[in-house]
Amino acid sequence: MRLSFPKSLAVFVFALVCLVQSTQAAPFDPPTWRDSTWDYRSEDSVDIKSEISWWKVGGLGALTLSSFGAAYIFVFSKGWWDDERSHFHFENDFEYSLNLDKLGHFAAGVILGETFYEGYRWAGLSEFQSYLFAGLSAMTTHIAIDVKDGYSPRWGFSVFDVLSGTLGGFLPMAERYVPVFKYVDLKWSYWINSDAYYDKNDGHVGDAVFTDDYVNQTFWASFKPYRMLPAGARKYYPSWLAFAAGISVNEETMDYHAKNRHREVYLALDYDLEAFRPQSRLARTLIKYLNYFKLPAPTIQVYPEFHWYLLYPIKF
């Protein structure tokens with residue numbers, strides 16, 4: 001049967017519409033973590049059923065208290081809390097490490113938030129409840145630490161330290177529910193290139209806490225260009241390649257009286273490990289933690305002077 005031009009055109013348009021719908025069906029499907037342009041956290045509500053197990057809640061509480069006790073006995077009591085007790089007091093030392101310690105508290109809050117979240121989800125709380133209580137638990141942990149600091153003659157209760165740790169504790173929740181956090185990650189790197197911190201502690205590495213060694217720490221904001229590109233341009237860009245901006249401090253920062261105390265700013269290549277898209281939830285959880293660490297990569301220091309490093313934070 002021979003079709004007229006209008007009928008042929010109508011058939012052609014109908015066939016074209018069907019073809020377009022069939023080829024575009026995938027983008028309208030519920031997005032998953034396997035699509036590296038999506039937030040992998042959105043699969044938690046699918047992979048885990050919310051059914052509270054009270055014996056798990058009890059076990060989680062016992063493990064948390066035991067961890068706090070062990071941390072106090074083996075770390076904190078042998079660190080900055082060895083001094084004689086004083087009256088409770090407040091102190092916000094904005095000269096210490098040129099405030100890089102605030103980023104340290106923020107990063108610690110993030111790890112605490114992630115860890116508490118996994119525990120609460122395992123115990124059967126809903127996704128939202130787990131994120132909320134994880135942030136509150138990170139805040140409580142920082143308050144407990146700073147209350148103890150408040151009785152130290154060398155330190156004091158710092159409102160800004162607690163605030164930094166609390167904001168970090170709620171970052172995982174923001175990464176789940178605020179879309180802009182799909183495009184940037186917080187990362188941390190550490191490598192002992194200088195002994196300035198340990199020399200300040202009379203060379204006794206065992207008496208120092210490496211988390212206070214801000215000379216050798218760098219905190220990064222890692223940006224994911226692949227997720228920012230239009231869909232048509234993504235095929236030309238490696239999904240795992242990211243760019244990071246970092247901040248650290250120089251050796252003289254450990255000496256309050258030094259005249260050359262300054263911050264250092266870095267730009268570097270980076271790797272977005274989430275782009276490799278492992279299939280199991282356990283693998284996704286491991287990737288989630290690993291992605292908080294900035295792996296060695298080509299880096300340039302842009303402030304206060306220019307340097308180039310092949311595999312920073314290793315300086316050679």
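1. Tyrosine 151 is partly exposed in this predicted model, with a relative accessible area of 31%. The assignment follows because this value lies between the 20% limit for buried residues and the 50% limit for exposed ones. Tyrosine 151 sits in the loop that joins helix 6 (127–149) to helix 7 (159–169). Its C-alpha atom is separated by 5.6 Å from that of histidine 87, although the two positions lie 64 residues apart in chain numbering terms, that is, they are 64 residues apart along the chain.

2. As to the overall make-up, the protein chain contains 11 helices and 6 strands. Of its 316 residues, 41% count as buried. Among contacts with a separation of 6 or more, 71% come from residues 24 or more positions apart.

3. Helix 6, which precedes the loop of tyrosine 151, packs against helix 5 at an angle of about 135°, and the two axes are 8 Å apart. Helix 5 is therefore oblique to helix 6, since the angle does not exceed the 145 degrees required for a roughly antiparallel arrangement. The crossing of this pair is right-handed.

4. The contact between these two helices draws on His105, Ala108, Gly109, Leu112, Gly113, Phe116, Tyr117, Tyr120 and Arg121 from helix 5. On the side of helix 6, the residues that meet them are Glu127, Ser130, Tyr131, Phe133, Ala134, Ser137, Ala138, Thr141 and His142. By class, the residues of this contact comprise 9 nonpolar, 7 polar and 2 charged.

5. Helix 5 (residues 100–122) also meets helix 11 (residues 281–290); their axes come within 11 Å and cross at roughly 165°. Helix 5 is therefore roughly antiparallel to helix 11, as the angle is over 145 degrees. Here the crossing is left-handed, whereas that of helix 5 with helix 6 is right-handed.

6. In the contact with helix 11, helix 5 contributes Glu114, Thr115, Tyr117 and Glu118, which meet Arg281, Thr285, Lys288 and Tyr289. The residues of this contact divide into 2 nonpolar, 2 polar and 4 charged. Tyr117 of helix 5 thus takes part here and is also listed in the contact with helix 6.

7. Tyr117 further belongs to a cluster that ring pairs form together with Phe128, Tyr131 and Tyr177. Of these, Tyr131 of helix 6 appears in the contact between helix 5 and helix 6.

8. The whole structure yields 16 aromatic pairs. One of them joins tyrosine 96 and tyrosine 214 in an edge-to-face arrangement, with 6.0 Å from centre to centre and 85° between the planes. Tyrosine 96 lies in the loop between helix 4 (54–74) and helix 5, and tyrosine 214 in the loop between helix 9 (196–200) and strand 2 (217–223); the pair thereby links distant parts of the chain, 118 residues apart. Both tyrosine 96 and tyrosine 214 are buried.

9. A further pair is formed by tryptophan 220 and tyrosine 266, whose ring centres are 6.4 Å apart. Their planes stand at 50°, so this pair is tilted. Because tryptophan 220 belongs to strand 2 and tyrosine 266 to strand 4 (residues 263–271), the pair ties together parts that are 46 residues apart in sequence. Tryptophan 220 and tyrosine 266 are both buried.

Key
Residues are numbered from 1 along each chain as its sequence is written. This is a predicted model: local features need pLDDT of at least 70, side-chain atom pairs count only at pLDDT 80 or more; totals for chains, interfaces and linings use all residues. Side-chain values use heavy atoms; hydrogens and water are left out. Axes are lines fitted to C-alpha atoms, for helices over the stretch in contact, and angles run from 0 to 180 degrees between N-to-C directions. Helices (H or I, at least four residues) and strands (E, at least two) are DSSP runs, numbered from the N terminus. Angles under 35 degrees count as roughly parallel, over 145 as roughly antiparallel, 65 to 115 as roughly perpendicular and the rest as oblique. A crossing is left-handed if the near helix is turned anticlockwise from the far one by less than a right angle, and right-handed if clockwise. Contact means heavy atoms within 4.5 Å. Ala, Val, Leu, Ile, Met, Phe, Trp, Tyr, Cys and Pro count as nonpolar, Asp, Glu, Lys and Arg as charged, and the others, Gly among them, as polar. Rings of Phe, Tyr and Trp (its six-membered ring) pair if their centres lie within 6.5 Å; planes under 30 degrees apart count as stacked, over 60 as edge-to-face and the rest as tilted. Buried means under 20% relative accessible area, exposed over 50%, partly exposed in between (1.4 Å probe, protein chains only).
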